[in-house]
Structures are given as C-alpha cells and as structure tokens.
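Here is a short note to read alongside the structure. Keep the model open and find each residue as it comes up.

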Amino acid sequence: WYLELPRSGGVARAELGLDLPSGFAPLLASRWAHVPPDGPCSAIGPWTLDPASAAWLEAQGARARAGTLRTLPSSAARYLAALPSETP
C-alpha cells in the first residue's frame, strides 16, 4: 500500500494490527523514521567537518586512490558463506 506521508521534514512509523469492531489492536510497530525531503538540499557549499573527520576522510580517499581500500563483505555474503555445503 502507498500511504500518505508528510511532504518533508516529518517522521513516520508503521503499525500493523487488527481492525476489530472494538477498535484497532496493534500487534507490531516500526521505529520512527524521518520522511525524506522533497528534493535536494537548498544549501550549496562545502560540508563542515571536525578535524578528526576530515583526517579520516582524507585517509580513506588516499587509500582508495592507492587501491588499498577494501570493504567488508555484506551481511548476506557472510550468511551465505556460513551455510553448510550441499556437496558431499
């Protein structure tokens, strides 16, 4: 289902339950999530980073340019690798 959400800047969550004659009986509820903006941010310019974050970002960029940046496998890849093999 498509639900009507605030246009932007709001928060929303999903609730699943039963629609009983006595009223709605909730069973599950999601966490609150921010509704994404309608479009790109109107602010233009560089992001301000604290010195530690800027140093980390520069180090990651240097590692990527040198080809030494490696990412960890996804959780799905780790799950599939942990499954027992079907070959005898």
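1. Confidence. This is a predicted model, and in the protein chain its confidence is highest in β3, at a mean of 94. Helix α2, residues 75–82, has the lowest confidence, at a mean of 79. For the protein chain as a whole the mean pLDDT is 81. A value of 70 or more is reached by 88% of the residues.

2. Layout. The protein chain holds four strands and two helices. Read from the N terminus, the order is β-β-β-β-α-α, so the strands should be looked for before the helices when reading along the chain.

3. Burial and surface. How much of the chain is buried? Of the 88 residues in the protein chain, 6% are buried. The accessible surface is about 8700 Å², and carbon and sulfur atoms account for 63% of that surface.

4. Contacts along the sequence. Take the contacts in the protein chain between residues with a separation of 6 or more. Of these, 26% link residues that are 24 or more positions apart.

5. The β2–β3 pair. Strands β2 and β3 run antiparallel and are joined by six bridges. The connection between them is a hairpin of two residues. One bridge to look at is that of Glu15, whose partner in β3 is Ala29.

6. Ala29 and its surroundings. Ala29 is part of strand β3. Leaving aside residues up to four places away in sequence, Ala29 touches Arg13, Ala14 and Glu15. Ala29 and Leu16 are 13 residues apart along the chain, and their C-alpha atoms are separated by 6.2 Å.

7. A nonpolar patch. Which residues form the nonpolar patch on the surface? They are Leu16, Leu18, Leu20, Leu27 and Leu28, and together they have about 500 Å² of accessible area. Two elements, β2 (15–20) and β3 (23–29), each give two or more residues to this patch. The largest share, three residues, comes from β2.

8. Leu20 as an example. Leu20 lies in strand β2 and is also a member of the patch. Is Leu20 buried, exposed or partly exposed? Its relative accessibility is 37%, so Leu20 counts as partly exposed. A patch residue needs over 30% relative accessible area, and the value for Leu20 is therefore high enough for that cut-off.

9. Salt bridges. Side chains of opposite charge can pair when their charged atoms come close. How many salt bridges does a search of the whole structure find? The search finds two. In one of them the side chains of Glu15 and Arg13 meet, at 2.6 Å from N to O. The side chains of Arg65 and Glu58 also meet in a salt bridge, at 3.1 Å from N to O.

10. Exposure of the charged residues. Glu15 has a relative accessible area of 38%, so Glu15 is partly exposed. Arg13, its salt-bridge partner, is partly exposed because its relative accessibility is 37%. Arg65 has a relative accessibility of 64% and therefore counts as exposed.

11. Where to look again. Glu15 is a useful residue to return to, with Ala29 as its bridge partner in β3 and Arg13 as its partner in a salt bridge. Ala29 touches both Arg13 and Glu15.

Definitions and conventions. Residues numbered from 1 in each chain as written. Predicted model: local features only at pLDDT ≥ 70, side-chain atom pairs only at ≥ 80, totals over all residues. Heavy atoms only, no water. Buried < 20%, exposed > 50% of the residue type's maximum accessible area, 1.4 Å probe, protein only. Contact = heavy atoms within 4.5 Å. Areas by Shrake-Rupley, 256 points an atom, 1.4 Å probe, with all protein chains shown as cover. Patch = residues over 30% accessible without salt bridge, like charges linked within 9 Å, V, L, I, M, F, W, Y side chains within 5 Å. Salt bridge = Lys/Arg side-chain N within 4 Å of Asp/Glu carboxyl O. Pairing = 2+ DSSP bridges. pLDDT = per-residue confidence, 0-100.
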